[in-house]
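This report covers the fold, the cores, the charged side chains and one surface patch of a single chain. The chain is shown first.

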Amino acid sequence: MQDDNARPDRERNALADWLAGHGTAVQIAVWVVVIASVGLGAVMWATGRLDVQGVGYAGAFAVNLVGSASILIPLPGIAVVCGGTVEEARLNLVLLALAGGTGSAIGEITGYLAGYSGSALVQRSKHYARLHGWVEHHGAAPLFVLAALPLPLFDVAAIAAGSLGYSLRRFLVVVLAGKVVKYIAVAYACRVGIDWLTELG
């Protein structure tokens, strides 16, 4: 039986319609953020000011936002969250996971919009048909599971959700929940691992 949440609902998807209608402006804004972030990151790296363990909550948010918004620039979102778990950083692991997960969830809007706008290019993936069927028939469940797992398949699922007219608001809530769960697991696993490696040294 089909989940009603997965059925196209373009009449009530006003935000997605607005974003899709202003596609050029949205793309320009995304690329400005990407280029500015990469440029700033390059300068900070060259001057020795960029330390994966010292980027803090804002850094975890920004790196994950840019990394999820642009599949062309694979920024190390998981590495930043993992690096922020060292004792010296003095970061709350749940807040760190929330920062990284929020940035990543917002960044996934680009994939959603690619599907919503009906781009044929993004539908050529060999996994698209299967994930499209999963999202169409099961709604939030596959989106949550794929967001919670460290797999590149989520980009295709986001495109499928957009092409189905899945509610953007619901999409963000489900994806945020999955991303935060993933980063909480990553943060605690890294904290245990780092402590264990420190004891070995």
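## Surface patch

Patches are made of residues with over 30% relative accessible area and no salt bridge, and nonpolar side chains are joined into a patch within 5 Å. The model examined here is predicted. In it, Phe144, Val145, Leu149, Leu151 and Val181 make a nonpolar surface patch of about 390 Å².

One of the patch members, Val181, belongs to helix H10. Val181 has a relative accessibility of 43%, so it counts as partly exposed. Val94, a residue of helix H5, is also partly exposed, with a relative accessible area of 41%. Val94 and Val181 are 87 residues apart along the chain, yet their C-alpha atoms are separated by 9.5 Å.

## Overall fold

The chain contains 10 helices and 0 strands. Read from the N terminus, the order of elements is α-α-α-α-α-α-α-α-α-α. Of the 201 residues, 41% are buried. The accessible surface comes to about 11,000 Å², and carbon and sulfur atoms account for 66% of that surface.

Contacts between residues at least 6 apart in sequence were also sorted by separation. Of these contacts, 82% join residues at least 24 apart.

## Nonpolar cores

The largest nonpolar core has 24 residues, and the members that touch the most others are Tyr112, Leu143, Phe154, Ala161 and Phe171. Two or more residues come from each of H6, helix H7 (128-138), helix H8 (140-148), helix H9 (154-163) and H10. H9 gives the largest share, 7 residues. A second, separate core holds 13 residues, among them Val63, Leu93, Ala97 and Cys190.

Ala161 illustrates the packing in the larger core. With neighbours within four places in sequence set aside, Ala161 is in contact with Tyr112, Val135, Leu143, Tyr166 and Phe171.

## Covered helices

Two helices that contribute to the largest core can be described by their burial. In H9, 9 of the 10 residues are buried, so this helix is largely enclosed by the rest of the structure. The buried residues of H9 are Phe154, Val156, Ala157, Ala158, Ile159, Ala160, Ala161, Gly162 and Ser163. Just after H9, Gly165 adopts a positive phi of about 75°.

H6 is mostly covered as well, with 7 of its 8 residues buried. These are Ile109, Gly111, Tyr112, Leu113, Ala114, Gly115 and Tyr116.

## The salt bridge

How many salt bridges does the model have? The count comes to 1. The bridge joins the side chains of Glu108 and Lys179, with an N to O distance of 3.0 Å. Glu108 sits in the loop between helix H5 (93-107) and helix H6 (109-116), and Lys179 sits in helix H10, so the pair ties together parts that are 71 residues apart in sequence.

Are the two partners buried or exposed? Glu108 has 4% relative accessibility and so counts as buried. Lys179 counts as buried because its relative accessibility is 4%.

## Lys182 and its surroundings

Lys182 is placed in helix H10, which spans residues 168-200. Lys182 is buried but has no salt bridge. The nearest side chain of opposite charge is that of Glu108, at 6.6 Å. A salt bridge requires the side-chain nitrogen to lie within 4 Å of a carboxyl oxygen, so the 6.6 Å separation does not qualify. Outside the residues up to four places away in sequence, Lys182 touches Ala147, Ala148, Leu149 and Pro150. One of these contacts, Leu149, is also a member of the nonpolar surface patch.

Ala147 lies in helix H8 and is buried, with a relative accessible area of 0%. Not counting residues up to four places away in sequence, Ala147 touches Phe154, Val175, Gly178, Lys179 and Lys182. Ala147 is thus in contact with Lys179, the lysine of the salt bridge, and with the unpaired Lys182. Ala147 and Ala157 are 10 residues apart in sequence, and their C-alpha atoms are 9.2 Å apart in space.

Terms used
Residues numbered from 1 in each chain as written. Predicted model: local features only at pLDDT ≥ 70, side-chain atom pairs only at ≥ 80, totals over all residues. Heavy atoms only, no water. Helix = DSSP H or I, 4+ residues; strand = E, 2+ residues; numbered from the N terminus. Buried < 20%, exposed > 50% of the residue type's maximum accessible area, 1.4 Å probe, protein only. Lys, Arg positive; Asp, Glu negative; His and termini not counted. Contact = heavy atoms within 4.5 Å. Patch = residues over 30% accessible without salt bridge, like charges linked within 9 Å, V, L, I, M, F, W, Y side chains within 5 Å. Areas by Shrake-Rupley, 256 points an atom, 1.4 Å probe, with all protein chains shown as cover. Core = buried A, V, L, I, M, F, W, Y, C linked by side-chain atoms within 4.5 Å.
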